[in-house]
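Me: I am new to this structure and would like a close look at a single part of it. Please keep the answer connected.

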Amino acid sequence: MKHLLNLLAAIALVVWGTHLVRTGVLRVFGANLRTLLARSMGNRFTAALSGMGVTALVQSSTATSLMTSSFVGQGLITLPAALAVMRGADVGTALMSVLFSFDLSWLSPLFIFVGVVLFIRRQANAAGRVGEALIGLGLMLLALEMVVQASGPMLASPAIRAVLGSVSSDITLEIILGAALAVLAYSSLAIVLLIAAMAASGVVPLDVALGLVLGANLGSGLVAVLTTARSAVEVRQVTVGNLVFKVMGVVIVAPFIGLWLRHVQPLLPSATQGVVLFHLAYNVIISVGFIGFTQWVAKWVARLMPRPEGNQRHRPHHLDPSALSTPSLAISCAAREALHQADVVETMLLGMLQVIRHDDQPLAERLRKMDDEVDTLYSSIKYYLTQISREALGEEESRRWADIISFTINMEQVGDIIERVLQDIEEKKISKGREFSEAGMAEIVELHERLVGNLRLGMSVFLNGNVRDAQRLLEEKVRFRELERAYAATHLMRLSDRAVQSMETSSLHIDLISDLKRINSHMCSIAYPILESAGALAPSRLRATGDA
């Protein structure tokens with residue numbers, strides 16, 4: 001039992017080390033790596049080379065797959081180019097497994113020591129993240145040594161030998177087991193290294209190890225498919241296409257395991273080299289041999305998973321799941337999506353005046369449905385932000401995180417108010433054939449123009465954080481409040497003169513200018529976090545943030 005626990009602990013340590021390397025590298029170089037990928041799509045071969053380099057750095061073809069899928073989802077690259085990137089990504093993972101197969105155990109204490117020193121002393125900056133990656137590398141090397149030490153005594157167990165004997169009789173079972181291990185570990189690299197270590201110590205026969213390697217490669221494709229299962233169709237097309245290539249490779253390579261054992265393995269110094277070089281050969285074959293089929297596979301996947309024609313604008317445009325491992329980049333993605341939400345609100349606001357002026361009921365119905373889009377974007381942005389590791393955010397990024405949440409809440413509430421205003425216009429004006437007085441309509445138009453200007457100013461404040469613009473926004477809040485009170489008073493004067501149109505629309509007019517003031521208050525609330533962080537917000541203003 002003790003040896004089994006030691007083996008399980010070593011496996012867990014390999015997986016955890018891989019995770020530390022991946023997160024550390026992505027947090028430091030994530031934005032640069034994404035730029036490298038995006039700029040290398042000129043042809044299939046440069047795309048494959050960039051995929052190879054990025055994957056070698058992040059130690060995960062799954063991470064590269066998520067980045068590439070997000071580019072396709074945003075319309076930045078085509079599906080064939082993305083599949084070419086993945087051909088190189090698989091080779092990158094295989095090359096790293098060859099590197100780690102050498103005896104690098106002497107580097108383990110050095111990496112861990114230097115990594116811990118950097119992480120403790122510079123935890124909040126790039127040096128700390130590099131330290132995190134070094135700790136991961138050190139743990140991986142240490143864990144591989146532990147696998148060899150723990151697996152040896154287990155060979156004496158008759159039960160273990162019986163289980164291995166049953167597995168070795170069926171290549172299909174070996175592939176399924178290898179795929180399951182890769183899915184559970186979320187890393188084919190970790191599993192291939194584990195299989196190589198176990199083959200070297202005799203825990204598994206070499207023929208079984210090679211079958212498990214094929215399964216691990218298949219499992220890495222399954223991990224990417226499962227990770228993007230709820231993403232847009234364009235994103236899922238990449239991972240499914242990559243899985244198609246892996247299945248084709250397994251089908252072609254599996255029958256030649258015997259030839260490898262007879263003709264190649266005798267030329268190699270150890271079982272470890274046999275496993276990792278077989279892994280590399282498999283990925284080179286499906287990458288170089290199949291790179292000419294990216295167009296064909298892309299067309300087949302596009303027919304299998306067609307893009308839906310409708311409701312495309314309702315989904316988020318900028319919330320890139322692969323950016324979550326680079327918190328600063330994820331914050332930027334969320335901010336861009338928040339501005340997209342504000343654009344939808346601006347469309348609703350502009351259309352609202354057309355409904356009031358021209359009694360356009362079909363437009364009113366379309367605009368009210370757009371509030372569902374605003375609500376959907378708010379929920380998506382909020383969920384996306386909760387997935388960002390708050391511990392990985394610096395002080396400025398944490399403040400930006402809170403600003404985005406506040407901005408999207410205000411936009412969502414503005415959308416709700418506009419929806420309610422449109423409903424009131426339909427029920428109290430359009431259906432009853434009533435009209436505002438000329439003076440009343442002029443007041444509404446002026447307030448609406450100020451609202452549109454304040455919304456655009458608020459979006460600028462949110463985007464740039466300009467303190468002077470934030471102060472102007474607060475000044476506009478005061479002016480708007482004064483106008484609302486003045487127009488309420490002039491409306492009462494028209495009522496005292498017994499103007500028929502004013503009397504018929506009195507309740508609607510008062511409610512409308514009150515709702516416009518509430519909309520303006522939400523827009524001007526964007527200024528408070530900016531001014532507070534700059535120390536330019538008076539204490540009285542802090543107490544007044546809830547005032548309408």
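How many aromatic pairs does a search of the whole structure find?

Reply: The search finds four aromatic pairs (Phe, Tyr or Trp rings, six-membered for Trp, with centres within 6.5 Å). The model is predicted, so local features need pLDDT of at least 70 and side-chain atom pairs 80 or more, while totals for chains, interfaces and linings use all residues. Residues are numbered from 1 along each chain as its sequence is written, and side-chain values use heavy atoms, without hydrogens or water.

One of the pairs is F407 with F462, at 4.0 Å centre to centre and 15° between the planes, which counts as stacked (under 30 degrees). F407 belongs to helix α17 and F462 to helix α18, residues 438-464 (helices are DSSP runs of H or I, at least four residues, numbered from the N terminus). The two residues are 55 apart, and the pair links distant parts of the chain.

Both rings also line the largest cavity, together with R400, D403, S406, N410, I526, P529 and I530. A cavity is a set of points on a 1 Å grid where a 1.4 Å probe fits but cannot get out, and lining residues have an atom within 4 Å of a point. Its volume is about 60 Å³ (the space filled by probe spheres on the points, joined across faces, edges and corners), and the whole structure has three cavities of 30 Å³ or more. α17 (395-430) and α22 (527-533) each give two or more residues to this lining, and α17 gives the most, with five.

N410 of α17 has a second role: N410 is among the residues that make the contact (heavy atoms within 4.5 Å) between α17 and α21. On the α17 side the contact also includes Q413, V414, I417 and I418, and on the α21 side S507, L508, D511 and L512 are among the residues.

Technical notes:
1 Å grid on protein atoms, 1.4 Å probe; cavity = no way out; pocket = protein on both sides within 12 Å on 5 of 7 lines; lining within 4 Å. Phe/Tyr/Trp six-rings, centres within 6.5 Å; stacked < 30°, edge-to-face > 60°.
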